[in-house]
Every structure is written in C-alpha cells, then in structure tokens.
Amino acid sequence: LVRNMFINKCISQLNKDGDEQQQPSIFPLPWYPDKLAWQMDLTRKDIRRNEEYYKLHNFLISETEHGTISRQETVSMIPPLVLDVKSHHKILDMCAAPGSKTAQLLELLHADDEPVPSGYVIANDVDNKRCYMLVHQAKRLNSPCVAIINHDSAVLPNLSATLADGSTEQVQFDRILCDVPCSGDGTLRKNPDIWMKWTPANGLNLHGIQSRIIRRGAELLAVGGRLVYSTCSLNPVENEAVIHRLLLETEGALQLVDVADMLPGLKYTRGLETWQVGSRNLEFYKTFEEVDEKWKTTIRPQMFPPNPDNRAKYNLHKCIRILPHQQNTGAFFVAVLEKLRPLHVREKSFKINAENNGNNSAENEMIVEKIGMKRENDDSLPENQRKRRRKEGYKEDPFVFFTDKEEIWPSIKNFYKISHNFDPTCLLVRCKTGKKKNIYMTSPAIRDLVINNQSTIKFINTGVKTFVRSDNRNMKECAFRIAHDGLESIFMYIGHERKVNIPKDDLITLLMNDTPEQSPAITSLSEQVQSQVNDLAPGSCVLIYTEEVSNGDPFILHISGWRGTSSLRSYMSQHSTVHFLRLLGGDVSKYDINKFKKIDEDEDKDDITPDGNNKNDKDEL
C-alpha cells in the first residue's frame, strides 16, 4: 500500500511537475524484490529549491517515523536480503547499531504478515550508547519478536532456551549477520575526512577483531544455517583475508555460497583470489616471507591470500564486491557462508535437565569458558579499570514478566474480553515495585530468552508497548488503555465487545481532529457507529475499517480509539495519524510543513502598501 502510494502520488507528481530537461533521478532497485526499495539521487539543495521535492521529503520523514519506510545506504540493504530470512528463523545481528539492517531483518521476519512469528531477532552491539539508537530503530517496527543486548560480539556468551520438557539447551541461530567494524574506506565519497586519514594500516589493525567476531558467529550458527559477513571497506585484508582465514581454520565446516541469482540486476565484481598486503608506509608484500622484520608484528601470515595450489577450494570468487562507480552507491563487500558441520565436538548444544535449571547461568558460563570464549572478570583488572567499567553504560530497569497471579491482569482481561488462548506471562513491566505505567508484550520465545539469560548478558530493551495506564475518572473497570504500538500483536485476542466497525468518512473525521478536548461527538457520526458505541462503556476501544478490494484480500485497518462519555476519538501519534489519512485519501495539509506556501504568504504581505493596495498592481491606461 505504501509502495503504491509512493509511486502513484509522489513519483507521478514529480514527473508531472518536473522540468523535462531535469527529470528526478528516482528509480526502483532492480535487485530488490517487488519494487520495495528505491534510490534517489537528490541533494539537500534540490530539496530546498523544489516544492515537490520538499513534499516528498516530508512524506519520507513522516513514514519513517511511523515505521513503514526505512532510509539507508543502498548497498547496506544487501546483507539482510541474502540472509534469506523466514518467519521461523532465530536471527542474530552481532554488530547491529545504528539499526537500519536490524529494521530490515524485522521486516523480513514479518513478511508473511504474522503478528507474532515464531522466530525472533537478537540485535547486539558492544557500544552501550549506540544500543539506544538501535532501540529507536527497532521500536518503529512495533515487533514483539526482538531483543536488544549489549555485549562484545567477539566473546558473546552462549544463550540458553527452554525445551518443551523443561530442560534447557544452547541456542544455535539459523541466520547470523556480521556487519563488522571496518575502516569504512568504501564510504570515501560521502566521508571526505577519510581521504586525509587513510592508510593500509587501518585494515591491519581491524583484521584481528573482525576475524574473532566472524569466528564467534560461526560457532553460534546452527548446522545448515547461513551467516553473512559484510563491510563498507575495499581493503582485502578486511574482506577476503578474513573469509579465507575462517575457512582455513574451520577445515571444511563452512563453505561460501554464490548468491548472485538472488540479486538480479546488481552490478558487482567477484571476490579477489590474490592480493598484496601493505604497510603503513605503503610497502606492499605478496607473501609473509617478504615482509620486513619491523612490520611482522602488525602484518600477520593470516592476512595473505591462499597458495596457488589450493586457491580453488576456497571459492573466494563467490564473494561480492560492489564499487562506487558501478551504480552510484558506496563501496561494499558481502560474503555468504553456510555451515556444513559443527566447528568442534564441544560446540554441540549443551542440555540441562529441568531439575538443575536453577544453575543455568553457572553452567552456561562454564561452557563458554570451555570453548575458549573467556570473559574478563572485574576482579582481575586494575582498580582504575574496574571503576571505569562500572561507569560505562546505564543501569537498565528490570524486565519483570507477569505471573499467573498478576493482580492487575484480571481487570484488563475482563474489560477487553481477552481470549483464554492469550498467555499473559508474555507481558512485562520495567519496575518491580510501585505503580505499573506501561505494559509490554513479547513473543514466548523472547520471553524465554530474557528469563534464562538476563543474569549472564545485559538486555537493553525488548517488548512492544501494549497497554498504558490511563488515570481517567471514567475508567472505573480497567485502568489501562490499548497502546496503538502493540495493537496488531494483541488484536486477535481482544473480544468483539470493544471493537467498533467504522465507515471511511467517520474515520477520516476522527483522524482530522487533533484536539482531544474537542473530540467529535458521537451524535455527529453515522448511525452505524452510534449503534455500536451507545452501549459501550467509556474507555479504550479498537476502530476497524474494512474496504473490499477487487481480485484481492480486503483492505483492513486497526486503530486504537477512545470512547468518551459523549465523544469518540482515535488515539495514536501524529505520524501514525498522517499515515492512515494518506491511506484513506484524506487531507494531510494541516500536518505538513510547507515552507514554500509560507514564503508566498510572506511575500504577499510585503507587497501590500499601508493604504491596502498591492505594490505590483499597475495603473490602467
């Protein structure tokens, strides 16, 4: 729907009003399915000078905030795409911030329109502050199937999950994305500072951490699973050398996959099979034996290409290199790996019996250390470092899940006539004591992960806001309203008593009202709505709009609403309001910032003389 609206309204209007000599460079990416990705070659000057471009800019900002559009570098869309995500997959994004790829993974996870898929996305980043950028990105998608964690991905501990019999086993992920830290020299065109700072040594310094991250990712990957390694660098030491090192060390447990057929129309170069390694002084070497003694601590044997005799078995040509001039993008490197067998015997999933479940965290830590992933202990660090580590990062509020005896749940369940099929233990709050303000919902799998692992890893955020406390004097039976963020996740469980079918004109009337104190009176709405809400107790409700579509499924909208004592209103953010108005063909001009119209009005005022005449009026002869 958003794609069609973008094409039919935004693009067609630009083509209609634009100068034939300067048609806008806006086009769908041929390699992204169903025209769901578009590239625009517009500068800030273009947007400031052209009113239609400015309207398009407003549209993109509004829809981005609502969560229906994501804006990112063109080539950075490739890694999630070639992961081949399905709704049942367990997905790990190892270096996730700022979160554009995580958002894309969530979109792919929900591609079948399942409100709560059985799969999930775990998004990790080592930088605590950048994790909050990640939270903002993930929250736009309103998914109960994502958790944000904060840990060094090179030593990410094993996560445990509960089986049906109550025992616990190690989580092995079906899909892993390693978009690792890199020198970023592929972004030279948009980051000119790199020109002044670049040296080959940048890649040398990062090769080690990149190798450790992908190695840990390979250990956490399930057999038959897929791992994607990517950088925005051109340096083979950060790219093919890392892949070659992993394939060499894992001795056939992994293999490169050719995914060219998944990206039709993409212009790219095959991966390198030979390269030279350069020092800080731009001295290049073909083999490690040629390296000057003074560089041997920074240039290591693992950074060189495979020997000509066994080069073919690594299939490094299956990697993908994208160069900036090929399709006017940034430079990028992508390698797709498939796991054929465990990397070592001890990698096999550990299993803990139900009666020993209380010692999960201790068992987990033992296994992490057994496979060589030792984690730093504060007690072994100097005192000044211990203090610094305590200061780093924010202390998170606890994740407190509902129990079967949660005291506030019966009133919510009875008021909204929530089905017995709904599991209230998937609801959580972020406080152990005091008044509960916001209630969040997670999928059962995410709930299990948080409960089993929050003692061994730092969870930053999870859950979609589903209920919000509303201290309204008319809310006598239930103190919580339905949050629009989590409405789709819980809609199927809400009883029909709190659902109102609303015609298009009435819904537009409610969406056009931006003053809660002056909400439309129920008597001003259609008979269809009045007959449904007359006996409806004041409080939160769900507004349902249905429109039949020829040769397709009906178009259905679910919107959080509020039934007052004598009025009815929609209850959501302004960006969501504008989104739904656009879908319904309503007037959004009152919500749009149109600086061009304001300039015209100011100029008209300046043209008026003190006596009320227009300066531009000419005397008739």
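Author: Let's start with a word we will need: a residue counts as buried when its relative accessible area is under 20%, as exposed when that area is over 50%, and as partly exposed in between. Please keep in mind that the model is predicted.

Reader: Thanks! How many of the residues in the protein chain are buried, as a percentage?

Author: Of the 621 residues in the protein chain, 49% are buried. As for secondary structure, the chain comes to 19 helices and 26 strands. Contacts can also be sorted by how far apart the partners sit in sequence. Taking the contacts with a separation of 6 or more, 73% are between residues 24 or more positions apart.

Reader: Let me try a pair of charged residues. What does Lys-436 form with Glu-406?

Author: For a salt bridge we look for a side-chain nitrogen of Lys or Arg within 4 Å of a carboxyl oxygen of Asp or Glu. Lys-436 and Glu-406 form one, with 3.9 Å between the closest N and O atoms. The two partners come from distant parts of the chain, 30 residues apart: Lys-436 sits in the loop between β18 and β19, and Glu-406 in the loop between β17 and α13.

Reader: And is Lys-436 buried or exposed?

Author: Lys-436 is buried, because its relative accessible area is 14%, which falls under the 20% limit. Glu-406 is buried too, at 13%.

Reader: How many salt bridges does the count come to?

Author: The count is 15 salt bridges. A nice one to look at next joins the side chains of Arg-215 and Glu-249, at 4.0 Å from N to O. Arg-215 belongs to helix α8 (residues 201–220) and Glu-249 to helix α9 (residues 240–250), so this pair ties together parts that are 34 residues apart in sequence. Arg-215, at 23% relative accessibility, is partly exposed, and so is Glu-249, at 38%.

Reader: Which residue forms a salt bridge with Glu-249 at 3.1 Å?

Author: That is Arg-245, where 3.1 Å separates the closest N and O atoms. Here a general idea helps. An α-helix has 3.6 residues a turn, so residues three or four places apart point the same way. In our case, Arg-245 and Glu-249 are both in helix α9, four residues apart, about one turn of the helix. The picture widens from there: Arg-215, Arg-216, Glu-219, Arg-245 and Glu-249 are linked in a network of salt bridges.

Reader: I'd like to stay with α9. How many of its 11 residues are buried?

Author: Eight of the 11 are buried, so α9 is largely enclosed by the rest of the structure. Among the buried ones are Val-242, Ile-243, Leu-246 and Leu-247. To see what covers a helix, ask what its buried residues touch: those of α9 pack against α8, β9, β10, β14 and β15. Just after the helix comes Glu-251, with a positive phi near 50 degrees.

Reader: Where else do we find a positive phi in a residue other than glycine?

Author: Asp-34 is one case, with phi near 60 degrees. Asp-34 is in the loop between β1 and β2, and counts as exposed at 56% relative accessibility. Asn-328 is another, with a positive phi of about 60 degrees. Asn-328 is in the loop between α10 and β15, and is partly exposed at 39%.

Reader: Now for two helices. At what angle do the axes of helix α3 and helix α18 cross?

Author: When reading a helix pair, take the distance between axes, then the angle, then the residues that meet. The axes of α3 (residues 51–66) and α18 (residues 574–584) come within 8 Å and cross at roughly 115 degrees. That makes α3 roughly perpendicular to α18, and the crossing is left-handed. Residues that meet there include Phe-59 and His-66 in α3, and Val-578 and Phe-580 in α18. By class, this contact has three nonpolar, six polar and three charged residues.

Reader: One last look, at a single residue. Where is Leu-156 found?

Author: Leu-156 is in the loop between β5 and β6, and is buried, with a relative accessible area of 2%. Leaving out residues up to four places away in sequence, its contacts include Leu-92, Ile-149, Leu-220 and Ile-457. Arg-216 is also one of the residues that Leu-156 touches, and you have met Arg-216 already in the salt-bridge network.

Definitions and conventions
Residues are numbered from 1 along each chain as its sequence is written. This is a predicted model: local features need pLDDT of at least 70, side-chain atom pairs count only at pLDDT 80 or more; totals for chains, interfaces and linings use all residues. Side-chain values use heavy atoms; hydrogens and water are left out. Buried means under 20% relative accessible area, exposed over 50%, partly exposed in between (1.4 Å probe, protein chains only). Axes are lines fitted to C-alpha atoms, for helices over the stretch in contact, and angles run from 0 to 180 degrees between N-to-C directions. Angles under 35 degrees count as roughly parallel, over 145 as roughly antiparallel, 65 to 115 as roughly perpendicular and the rest as oblique. A crossing is left-handed if the near helix is turned anticlockwise from the far one by less than a right angle, and right-handed if clockwise. Contact means heavy atoms within 4.5 Å. Ala, Val, Leu, Ile, Met, Phe, Trp, Tyr, Cys and Pro count as nonpolar, Asp, Glu, Lys and Arg as charged, and the others, Gly among them, as polar.
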